[in-house]
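Thanks for coming, everyone. I have one structure to walk through today. Let's put it on the screen.

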Amino acid sequence: MSTSTGPGLNKTLTTLQLWGIAVGLVISGEYFGWSYGWAGAGTLGFLVTSAFIALMYTTFIFSFTELTTSIPHAGGPFEYGRRAFGPTGGYIAGFATLIEFVFAPPAISLAIGSYLNVQFPALDPKTAAVGAYLIFMTLNILGVQIAATFELCVTLLAIFELLVFMGVVSPGFSVANFVKGGWSGQDVFSSAAIPGMFAAIPFAIWFFLAIEGVAMAAEEAKDPKRSIPIAYIAGILTLLVLAAGVMLFAGAAGDWSKLANINDPLPQAMKMIVGESSGWLHMLVWLGLFGLIASFHGIILGYSRQIFALSRAGYLPELLGKVHPRFHTPHIAIIAGGVVGILAIFSDEWFSFGGQTLTANIVTMSVFGAIVMYIVSMASLFKLRRTEPSLARPFRAPLFPWFPGFALLAAVVCLFTMVYYNLLIAVLFVVLGALGYGYFMLTHKRRERVLAAA
């Protein structure tokens, strides 16, 4: 019998399910998105960028786990920012997390459409993307236990499929293929490769983006103080191995330049080895969908809990904090995030940025949200260590202050770099934040009432 916490959320999630959510949230990043980084940085340049980002994420997760276990709250980063820096800190962290989690699903749904288009050329990828939203919003509404069990199953299938991919393309593995033109199109490193390496940062982040979403399931975990550290640490280690393997095997399969700027690099890499008619290729396309679905489904869970928590705290309209009377899920929040995502899918019909593909732009917008949230979270960790030294910390960040300090510094470097290379998207991010802050200022009385009732 599960116990409930807060207004209707149930404590049902096990350690294994939380690990499934941690890996599942991210695993689509191993299937697509990252290869856009090859376009400017090349394979070797992007390998260096990815190593830097992997170190940032490893130190970040070990530090972020302290916050998650100390403050197990559905708002996750929003609650950490609010507790450390007050309402405005909460707003900045909440807005950034919303951008990350609401804009990641449309990019993933477009990749789902591209994978299906390989099998059914007459199927419009955008139509398939909308269909994916409708199916998985419904599944999330039906209950967190159903959603988490499904997430674990598709995550395991997705990991299996990535291992199959590496095995099938391994006969064609050639280091010469991987290193040819590996420094931004040149065979030898020079300073000319550096700009491409910095510009590729958002696509290296895509390898790991959203793993922190487990924090938003903390209120629904049976034993968050024990299970969340295990889920996070096992999750980041799993993803590090998979990211390195996928990148190396895909790049060594043939002409890697043909895999840059596409949404389905793994099927195309496999096609170089086994040909278009191979049963292996068709299996990869079908099973590869599980990786995309795992992330898509898991991030819907993440954005809905963030919207729900922000509404419950008075930062968003009260309607968005409603819980379904039968399924005990934030159904209005799930639908609201889906509406925004579906609009994003068709946004290229109204405007485009910087000559990048729609998917690349949506990925970049999502990454902007993530990086700002990482900065606020690490700053919150330092602030709470000072202002709340007696706060119960079941898991303490190792090598403090070096781990969170490196994560914070790396995130700041990423933010400045991304603004430099993606100025138009950065301006859009700031404009959306300013509009949201206007709403935030106008609704302060409701937050005061919520605080008084708490």
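**A walk through pockets, a cavity and a surface patch**

We start with the second largest pocket: 14 residues line it, and R82, A313, Y315, R447 and L451 are the ones nearest its centre. Keep in mind that this is a predicted model. Which elements give two or more residues to that lining? They are α3, at 77–119, then α11, and then α16, at 444–453. The space inside this pocket comes to about 310 Å³. What kinds of residues line it? The lining has 8 nonpolar residues, 2 polar ones and 4 charged ones.

Next, the cavity. How many cavities of 30 Å³ or more does the structure hold? The count is 1. About 40 Å³ of space lies in the largest cavity. Its lining is made of L25, V26, S28, G29, I108, W206, L209, A210, S295 and I299. Two elements give two or more residues here: α1, at 15–26, and α11, at 279–312. We met α11 a moment ago, in the lining of the second largest pocket. Now the residue types around the cavity. There are 7 nonpolar residues and 3 polar ones in the lining, and no charged ones.

Stay with one residue of that lining, A210. Find A210 in the loop between α8, at 201–205, and α9, at 224–251. Look at its backbone. A210 is not a glycine, yet its phi is positive, at about 90°. Is A210 buried or exposed? A210 counts as buried, because its relative accessibility is 1%, and the cut-off for buried is under 20%.

There is another positive phi to show you. N261 has a phi near 65°, and N261 is also a residue other than glycine. N261 sits in a loop too, between α9 and α10, at 265–274. How does N261 score for accessibility? N261 has a relative accessible area of 45%, so it is partly exposed. Put the two side by side: A210 is buried, while N261 is partly exposed.

One more backbone feature. Which peptide bond is cis, with omega near 10°? The bond from F400 to P401. P401 lies in the loop between α13, at 358–387, and α14.

Now go into α13 itself. I362 is in this helix. I362 counts as buried, because its relative accessibility is 5%. How many residues apart in sequence are I362 and F103? They are 259 residues apart. In space, their C-alpha atoms are 6.2 Å apart.

Last stop, the surface. A nonpolar patch is formed there by F189, I194, F198, L409, V413, Y420 and Y421. Together these residues have about 680 Å² of accessible area. Two elements give two or more residues to the patch: α7, at 194–199, and α14, at 402–421. Which one gives the most? That is α14, with 4 residues.

Take V413 as an example from the patch. V413 is in helix α14. Its relative accessible area is 31%, so V413 is partly exposed. Patch residues need over 30%, and V413 has 31%.

To recap, we saw a pocket of about 310 Å³ and a cavity of about 40 Å³. We saw a cis bond from F400 to P401. And we ended on a nonpolar patch at the surface. Over to you for questions.

Notes:
Residues are numbered from 1 along each chain as its sequence is written. This is a predicted model: local features need pLDDT of at least 70, side-chain atom pairs count only at pLDDT 80 or more; totals for chains, interfaces and linings use all residues. Side-chain values use heavy atoms; hydrogens and water are left out. Patches are made of residues with over 30% relative accessible area and no salt bridge: like charges are joined within 9 Å, nonpolar side chains (Val, Leu, Ile, Met, Phe, Trp, Tyr) within 5 Å. Accessible areas come from the Shrake-Rupley method with a 1.4 Å probe; for residues, only the protein chains shown count as cover. A salt bridge is a side-chain nitrogen of Lys or Arg within 4 Å of a carboxyl oxygen of Asp or Glu. Buried means under 20% relative accessible area, exposed over 50%, partly exposed in between (1.4 Å probe, protein chains only). On a 1 Å grid over the protein atoms alone, a cavity is a set of points where a 1.4 Å probe fits but cannot get out, and a pocket is an open set with protein on both sides within 12 Å along at least five of seven lines; lining residues have an atom within 4 Å of a point. Grid points are joined across faces, edges and corners, and a volume is the space filled by probe spheres set on the points. Ala, Val, Leu, Ile, Met, Phe, Trp, Tyr, Cys and Pro count as nonpolar, Asp, Glu, Lys and Arg as charged, and the others, Gly among them, as polar.
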